[in-house]
Amino acid sequence: MIEIRNVHKTFTRKGQSIEALRGVSLNIAKGDIFGVIGYSGAGKSTLIRLVNYLERPTSGEVFVQGEPLSGYSPAELRQVKKKIGMIFQHFNLLESKTVFDNIAIPLVLLKKSKQEIRERVTELLEFTGLSDKAASYPKELSGGQKQRVGIARALASNPSILLCDEATSALDPQTTKSILELLKRINEAYNITIMIITHEMAVIQQICNKVAVMERGEIIEQGNVLDVFGSPHHPTTQSFVQTVIHNSVPQSVLNTLKAENGRRLFKLKFVGGAASEPIINSLIRRFEVNVNILFANMTEIQQTTLGNMILQMHGENTVIDQAAAFIVSQGVEITEVEA
Ligand SMILES: Nc1ncnc2c1ncn2[C@@H]1O[C@H](COP(=O)(O)OP(=O)(O)OP(=O)(O)O)[C@@H](O)[C@H]1O
């Protein structure tokens with residue numbers, strides 16, 4: 001659906017060049033909700049703006065629905081862009097126009113009839129839960145409502161791709177949740193491919209199925225959300241994951257353990273079915289070890305449960321090794337933590 005192939009983007013400002021993107025490649029399939037996460041300055045905005053040709057690559061190519069964007073004439077490009085909607089952090093609504101008229105803008109530009117515009121806007125107002133706000137002005141709306149108008153406007157021309165540039169960054173957590181639910185509904189109801197850029201891992205966790213992590217103009221890690229959350233490799237990815245899954249052993253616990261010989265500390269990771277099996281119970285019944293659960297949590301990602309547990313085992317070393325092997329045999333990942 002969208003392919004970015006080895007793209008470099010260099011800006012020149014006051015005689016200095018800034019490499020915003022350095023050899024970025026990614027593939028977004030139809031129906032994906034693809035999240036790009038990174039700290040400020042990583043190159044996320046530049047990347048998303050390539051997809052609707054608001055930015056042109058210095059080198060490399062961007063393909064949308066199999067076609068290279070650089071191969072289009074300006075007129076063809078305008079046609080392609082109609083199939084790509086975009087929403088923004090600060091909504092970009094016209095303050096002097098009502099909600100109805102803001103949503104109608106793309107349809108007016110497409111020279112649709114008044115009747116068609118009324119029907120489509122009414123449908124979108126309903127879909128986004130704004131029917132009672134049609135005659136209101138943006139300044140009379142909350143941030144969440146403004147973003148709903150932005151979303152309705154982006155959907156007006158029936159796009160097949162929706163680009164979301166930090167669309168929830170100006171919103172509180174509850175409103176963020178409702179906007180993300182709306183995006184998910186759009187993805188499912190209209191089969192629209194969504195690309196989201198964000199600096200919040202919770203956004204990725206809530207709706208994305210794929211994720212790419214960016215740093216200094218490069219993609220440092222990408223994959224299925226469940227895989228990346230379950231086994232983040234790069235330290236930056238690990239610190240993003242830790243903002244939503246807290247599984248590091250507190251230093252105070254490590255300090256206590258140093259003083260306790262014969263006790264060993266393990267981190268367990270359960271995915272899917274394994275998370276609901278009574279493995280610890282079986283462990284205690286089968287092996288001569290004392291088990292102390294220091295920490296446990298469960299997170300839902302992509303309708304799959306990801307469980308994390310830190311436990312201490314006390315007993316003969318060989319028995320602890322057998323117990324650890326038993327845990328692995330149950331499909332649970334286990335790593336020993338050095339105290
Ligand atoms: N039009 C421009 N002219 C010059 N430099 C630019 C331009 N746009 C972006 N940059 C630079 O490119 C780099 C990447 O910026 P970009 O906005 O893509 O990052 P970002 O990850 O979206 O950051 P943020 O979350 O702060 O928006 C930054 O160093 C930025 O200053």
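**View 1. The hairpin of strands E9 and E10 in the predicted model.** Glu215 stands opposite Glu218, a residue of strand E10. Strand E9 covers residues 210–215 and strand E10 residues 218–224; the two run antiparallel and are joined by 6 bridges. Between E9 and E10 lie 2 residues, which makes the pair a hairpin. In the turn, Arg216 has a positive phi of about 45°.

**View 2. The two domains and the place where they touch.** The domain assignment of the protein gives residues 2–242 to domain 1 and residues 251–337 to domain 2. A distance of 40 Å separates the C-alpha centres of domain 1 and domain 2. Where the domains touch, 6 residues of domain 1 are in contact with 6 residues of domain 2. On the domain 1 side, helix H8 (residues 225–230) supplies the largest share, 4 residues. By class, this side of domain 1 has 3 nonpolar and 3 polar residues, and no charged residues.

**View 3. The span that UniProt lists as a domain.** An unreviewed UniProt entry lists residues 2–241 as "domain: ABC transporter". In the model, this span is 39% helix and 28% strand. The C-alpha atoms at the ends of residues 2–241 lie 26 Å apart.

**View 4. The shell around the ligand.** There are 13 residues around the ligand, and those that come nearest are Phe11, Ala20, Ser40, Ser45 and Thr46. Strand E1 (2–13), strand E2 (16–28) and helix H1 (44–51) are the elements that give two or more residues to this shell. Helix H1 gives the largest share, with 3 residues. Sorted by class, the shell has 7 polar, 4 nonpolar and 2 charged residues.

**View 5. An open sheet of 4 strands.** The strands follow the order E12-E13-E11-E14, with antiparallel pairing. Strand E12 (290–301) and strand E14 (333–337) stand at the edges; each has a single partner strand, so one side of each is left without a neighbour in the sheet. On average, neighbouring strands of this sheet are turned by 15° against each other, direction ignored.

**View 6. The pairing of strands E11 and E14.** Strand E11 (residues 263–271) is joined to E14 by 5 bridges, and the two strands run antiparallel. Lys267 has Thr335 in E14 as its bridge partner. E14 is also one of the strands that stand at the edges of the sheet.

How values were computed: Residues numbered from 1 in each chain as written. Predicted model: local features only at pLDDT ≥ 70, side-chain atom pairs only at ≥ 80, totals over all residues. Domains from an automatic or database assignment. Contact = placed C-beta atoms within 7 Å. Nonpolar A, V, L, I, M, F, W, Y, C, P; charged D, E, K, R; others polar. Pairing = 2+ DSSP bridges. Near = placed C-beta within 6 Å. UniProt positions renumbered as here; feature names shortened; annotations may be inferred. Axes fitted to C-alpha atoms, helices over the stretch in contact; angles between N-to-C directions.
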